[in-house]
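Thank you all for coming; I would like to take you through one structure this morning, going from a pair of helices outwards. Please have the sequence and the model in view as I speak.

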2 protein chains.
Amino acid sequence: MNLTRADDGPSPGLNCGRRNSSSSVGFCRKCAVQTRAFCAALDDAALAQLEQLHTICDLADEENLFTEGDPAAAFFTVLKGALRLSKSLPDGRRQITGFALPGEFIGLAAEQLYVHNADALTDVSLCRFSILDLERIGEEFPKMNSRLLAMTNSSLSLAQDHMLLLGRMNALEKTANFLCGLIDRAAAADQPTDPLALPMCRADIADYLGLTIETVSRTFTRLKVDKIISLPEHNRVRVNDTAALLRLAEG
Amino acid sequence: MNLTRADDGPSPGLNCGRRNSSSSVGFCRKCAVQTRAFCAALDDAALAQLEQLHTICDLADEENLFTEGDPAAAFFTVLKGALRLSKSLPDGRRQITGFALPGEFIGLAAEQLYVHNADALTDVSLCRFSILDLERIGEEFPKMNSRLLAMTNSSLSLAQDHMLLLGRMNALEKTANFLCGLIDRAAAADQPTDPLALPMCRADIADYLGLTIETVSRTFTRLKVDKIISLPEHNRVRVNDTAALLRLAEG
DNA sequence: CGGCCTATTGAATTTCTTCAAATAGTGTGG
DNA sequence: CCACACTATTTGAAGAAATTCAATAGGCCG
């Protein structure tokens with residue numbers, strides 16, 4: 001069988017729909033995140049077929065990829081950059097439910113509508129698949145469905161960890177946990193951790209931890225005063241006492 | 001192909017391992033939750049095969065099904081009753097991440113270990129599958145994997161809603177949201193909603209909402225004083241002003 | 001250099017928690 | 001069937017943590 005790409009109309013994002021796939025055969029095999037993404041389950045032959053279905057999609061800093069309630073036309077693998085996933089209450093209060101990093105996929109919804117907002121935190125590059133192709137992909141490549149399931153389960157587990165944080169940790173523990181999580185993920189992506197980069201602003205951190213920006217700021221200051229971290233720049237953290245930070249992060 | 005059941009040793013729970021399947025052919029087709037459970041994706045022939053793999057498992061009130069960190073040997077569909085899913089910090093602070101009701105499945109972990117605790121809230125009856133069979137089930141019945149994926153995505157969406165609640169709602173909104181959610185689920189399961197049953201105690205509600213039992217109690221009292229609800233019994237709620245409750249629940 | 005945005009700091013206030021006590025409900029043994 | 005004990009729930013008062021409002025400091029860009 002030869003899979004052909006479903007045409008599902010225009011995509012969000014300025015640069016969505018570029019077709020790297022058709023111009024460069026073997027694109028997927030050279031993909032930087034291929035070993036971590038959901039397509040890691042596939043062998044070369046299957047990968048070559050899947051390659052026909054994807055498009056590349058670029059977003060600038062702060063650009064919106066999709067919004068809660070939008071028809072869910074596509075799902076994405078993050079190739080480069082980071083996105084912010086969030087939900088909001090009618091009056092504007094916002095909860096960031098997670099940050100999507102390279103290798104992770106976003107946009108799979110149980111129903112036909114996206115369940116949260118996705119916004120670019122940095123310049124972002126995405127690998128896009130039509131949701132119309134998902135069912136066929138699943139039937140053609142059962143391994144892929146298993147992998148999607150495993151990755152979704154892993155997101156669910158992270159979500160549950162985060163519920164514990166939101167419901168039962170204090171500001172200091174939340175912040176320490178956030179920093180430890182960032183360090184782990186930076187390390188996993190072979191990015192520097194000693195001066196750890198904070199790709200998001202205080203408001204994003206606050207909305208991720210269920211705090212206000214003032215409380216986040218005060219908590220950073222407290223960690224600084226206690227000599228557990230230092231802040232060479234607003235968006236850069238140096239951890240002086242990893243053990244102490246971990247102790248706080250565990251509750 | 002004929003699927004045979006993987007033997008993975010003893011199961012938790014007093015009455016685990018009863019083999020209804022072998023004694024009554026067509027058991028699955030008569031199952032009360034079959035249309036809602038993950039096996040709803042299967043046709044009769046596939047269902048008959050799957051039937052060979054399951055065992056029935058009963059738990060008494062407050063009994064533990066599995067604990068965070070246990071080897072994940074099996075996953076379950078709730079047939080009857082309700083379970084409490086929770087995670088805890090080392091010092092005992094607990095967050096209930098959800099309640100599992102009939103038709104839902106629990107125990108699927110991305111890694112080999114369970115990621116949370118599951119305890120019976122009432123007497124519970126479960127349909128048990130060995131995790132060893134999962135991979136084969138997925139390959140044999142691709143539709144089943146799609147359905148598992150959709151159901152997991154739906155759990156993930158609920159988890160994200162709950163993060164918004166935990167991080168950004170106040171006690172009144174949290175409680176109203178909790179009650180509205182219970183009403184919806186009771187209605188979906190064709191259970192009475194006017195005197196709505198609360199199968200869990202105040203401590204469980206508190207740990208679900210990220211509050212203390214005292215705050216939950218005070219909030220119930222406040223809703224009562226405002227004539228939005230009444231409490232004929234501690235475990236029974238009557239909603240007098242659904243519109244007001246919904247308004248609060250939305251934030 | 002000035003303006004603008006983000007982050008930090010301070011003071012007052014609110015919400016929720018903690019600690020303590022009273023009340024209601026439930027089950028048990030006599 | 002009742003008294004008693006035990007537990008769950010409610011209520012009250014004091015305290016703590018985080019928020020809100022307000023002002024200041026630090027960066028960045030034109």
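**Helix packing and the two chains**

Let me begin with the crossing of α5(A) and α8(A), which is left-handed, a term used when the near helix is turned anticlockwise from the far one by less than a right angle, clockwise being right-handed. Before going on, I should say that this is a predicted model, in which local features need pLDDT of at least 70 and side-chain atom pairs count only at pLDDT 80 or more, while totals for chains, interfaces and linings use all residues. Residues are numbered from 1 along each chain as its sequence is written, chains are lettered from A and ligands numbered from 1 in the order in which they are written, and side-chain values use heavy atoms, with hydrogens and water left out.

Helix α5 of chain A covers residues 171-188 and helix α8 of chain A residues 242-249, and the two pack at an angle of about 120 degrees with their axes 7 Å apart; here helices are DSSP runs (H or I, at least four residues), numbered from the N terminus, and axes are lines fitted to C-alpha atoms over the stretch in contact, with angles running from 0 to 180 degrees between N-to-C directions. That angle makes α5(A) oblique to α8(A), since under 35 degrees counts as roughly parallel, over 145 as roughly antiparallel, 65 to 115 as roughly perpendicular and the rest as oblique. Among the residues in contact (heavy atoms within 4.5 Å) are L172(A) and L179(A) of α5(A) and L245(A) of α8(A).

The helix α5(A) also packs with helix α7 of chain A, residues 213-225, at about 80 degrees and with axes 10 Å apart, which makes α5(A) roughly perpendicular to α7(A). L172(A) and L179(A) are again among the α5(A) residues involved, and F220(A) is one of those in α7(A).

Earlier in the chain, helix α3 (residues 131-140) of chain A and helix α4 (residues 142-168) of chain A pack at about 115 degrees, their axes 5 Å apart, and are therefore roughly perpendicular to each other.

How, then, is chain B related to chain A? Chain B can be laid on chain A with an RMSD of 0.1 Å by a turn of 180 degrees and a shift of 0.0 Å along the axis, the superposition being by least squares on C-alpha atoms of residues with pLDDT of at least 70 in both. The two copies are thus related as by a two-fold rotation axis.

At the interface, 46 residues of chain B are in contact with 46 residues of chain A, and 100% of the interface residues of chain B are also interface residues in chain A, so the copies meet through the same surface.
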